[in-house]
Amino acid sequence: MYTSVYVVLCCPPIVGQADEKTDFTDAAEEHLQWRTHTHTHTHAHTLTLKVKYLVVTWLGVLVSSWVIYMQYSSYSELCRGHVCTVLICEHYQRGIISGSVCKSLCEEKTLTLQRCLSTSPTHQVNTNSPGKQKHMEMVVKCALDEAVGGDGPPGPGLTRPVGLYDKPARGTSMDEFREMLHSFLKDSLGEQSSLGSLVSRVVSLADVNLDGRVSLAEAKAAWALLHVDEFVLLLALQDKEHAPLLLGHCGHLYVTERVAHAALFTLEVPAWARPMVPEAAARALNRWLAPAWPHRVRIAIGLLEFVEEAFHGAYGSLYMCDGGARAVGYSTSYDCKLADLGGMASEAAVRAFLRGRACRGSDDCTFGRDCSATCDRLARRCNTEVVRPNLAKACALLADFLLFGAPSDLRDDLERQLRTCATLSGLASQMEVHHSLVLSNLKTLLWKEISDTKYS
């Protein structure tokens with residue numbers, strides 16, 4: 001018998017196929033790991049972006065809420081024109097006061113206080129859009145409370161302590177009223193030969209119905225108005241082209257024309273926003289928004305002319321004690337206009353404040369922000385003459401306003417003259433001739449640039 005023997009041949013695996021299989025498995029694992037890692041990374045990146053967007057959105061909401069709150073707080077604190085209207089109309093309806101715009105304000109309601117421009121809660125400033133019969137925008141101003149409080153020094157443009165509509169008393173004759181006016185204006189502006197004409201101007205203003213007489217209500221309104229320092233200066237400068245026109249009054253509320261551009265520079269960053277807005281950015285934007293250089297020259301010449309008028313004018317000298325570039329504006333034809341005379345003060349008012357005032361240094365001898373005198377350290381009393389003249393303050397403003405964009409062949413000479421002018425100091429009584437020469441040279445230099453051109 002034959003035994004069948006089966007020989008099983010075990011063939012070893014093919015090496016190449018096994019390697020390929022292993023490589024494929026490794027590649028699949030690597031691809032899976034890559035997809036997992038990519039998905040995880042993408043998810044993490046998306047989550048990070050979402051968190052960033054959430055943080056930015058939250059910060060935006062926070063900043064916007066803060067801005068809205070600051071605006072509302074500032075508005076509610078500064079803007080109380082409705083209180084003025086209620087107070088004045090109540091007195092008008094009771095027959096205590098009168099005025100040329102009382103009917104429009106209290107009866108017809110055509111004179112309304114619209115956009116608030118107040119920078120002090122005690123001195124309300126609002127705009128009023130022109131009606132069908134008017135050709136200009138108006139500014140409505142009203143003093144609310146006594147602006148001088150505590151022991152702090154007074155400033156220009158503030159309301160003096162006075163009982164509202166207390167004077168003149170019933171039974172006061174016209175001659176007595178004129179004497180009251182003369183005495184009050186003498187205290188406000190000093191002894192001037194032209195005070196009589198200003199008294200007549202006040203009487204004409206008070207005679208609302210043009211009957212040649214002044215009623216008690218008309219007299220009370222005029223008397224209250226005179227206790228607003230800005231109004232006194234506005235009335236005194238009505239014949240000057242650099243002061244806004246007085247359009248009417250009711251009680252101690254008065255209406256003036258609105259100066260088209262109320263400040264030399266268009267953009268003024270609020271105090272609460274200054275930490276967030278770089279000064280260089282604000283300056284660059286103001287320069288970009290400024291008028292063409294020849295127009296700025298015309299405005300500058302107007303400001304220098306006003307400085308001349310304010311020194312030894314018909315009603316004495318006036319000092320620029322506050323306001324800076326915020327107070328000096330210009331019209332649509334680029335004529336210089338002082339939109340706010342609240343920064344001005346009469347020489348008599350400044351001297352009255354400084355006379356006999358105790359001091360340890362010059363800082364104790366300052367009226368407003370920028371009318372400073374020296375301190376006599378031996379007597380420990382303030383001297384009564386202001387050291388820095390109006391011309392120096394005006395030139396300091398013009399240096400920022402005029403130098404950029406000036407012709408290259410003029411810039412060096414203009415900068416030198418403005419620097420000389422801005423550093424003027426000394427008592428006006430001793431330096432008057434020198435100041436006049438500096439002013440004349442600067443005006444001549446500027447006028448040569450625009451004379452015989454369309455800008456003149």
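## Salt bridges at a glance

Arg416 is partly exposed, with 43% of relative accessible area. Arg416 is a good place to start a tour of this predicted model, as it takes part in a salt bridge with Asp413. In total, the structure holds 13 salt bridges, and a few of them are introduced below.

**A pair within one helix**
- Asp413 and Arg416 form a salt bridge whose closest N and O atoms are 2.4 Å apart.
- Both residues sit in helix α12 (residues 408-422), where being three residues apart separates them by about one helical turn.
- Like its partner, Asp413 counts as partly exposed, and its relative accessibility is 28%.

**A pair joining two helices**
- Lys443 pairs with Glu308 in a salt bridge, with 2.9 Å between the closest N and O atoms.
- Lys443 belongs to helix α13 (residues 428-450) and Glu308 to helix α9 (residues 293-310), so this salt bridge ties together parts that lie 135 residues apart in sequence.
- Glu308 is partly exposed, at a relative accessible area of 39%.

**A pair with an exposed partner**
- Glu191 and Lys186 also form a salt bridge, and here the closest N and O atoms are 3.2 Å apart.
- Glu191 is exposed, with a relative accessible area of 54%, whereas Lys186 is partly exposed at 38%.

**A network**
- Salt bridges can also be followed through a network in this model, which links Lys141, Glu230 and Asp340.

Terms used:
Residues numbered from 1 in each chain as written. Predicted model: local features only at pLDDT ≥ 70, side-chain atom pairs only at ≥ 80, totals over all residues. Heavy atoms only, no water. Salt bridge = Lys/Arg side-chain N within 4 Å of Asp/Glu carboxyl O. Buried < 20%, exposed > 50% of the residue type's maximum accessible area, 1.4 Å probe, protein only. Helix = DSSP H or I, 4+ residues; strand = E, 2+ residues; numbered from the N terminus.
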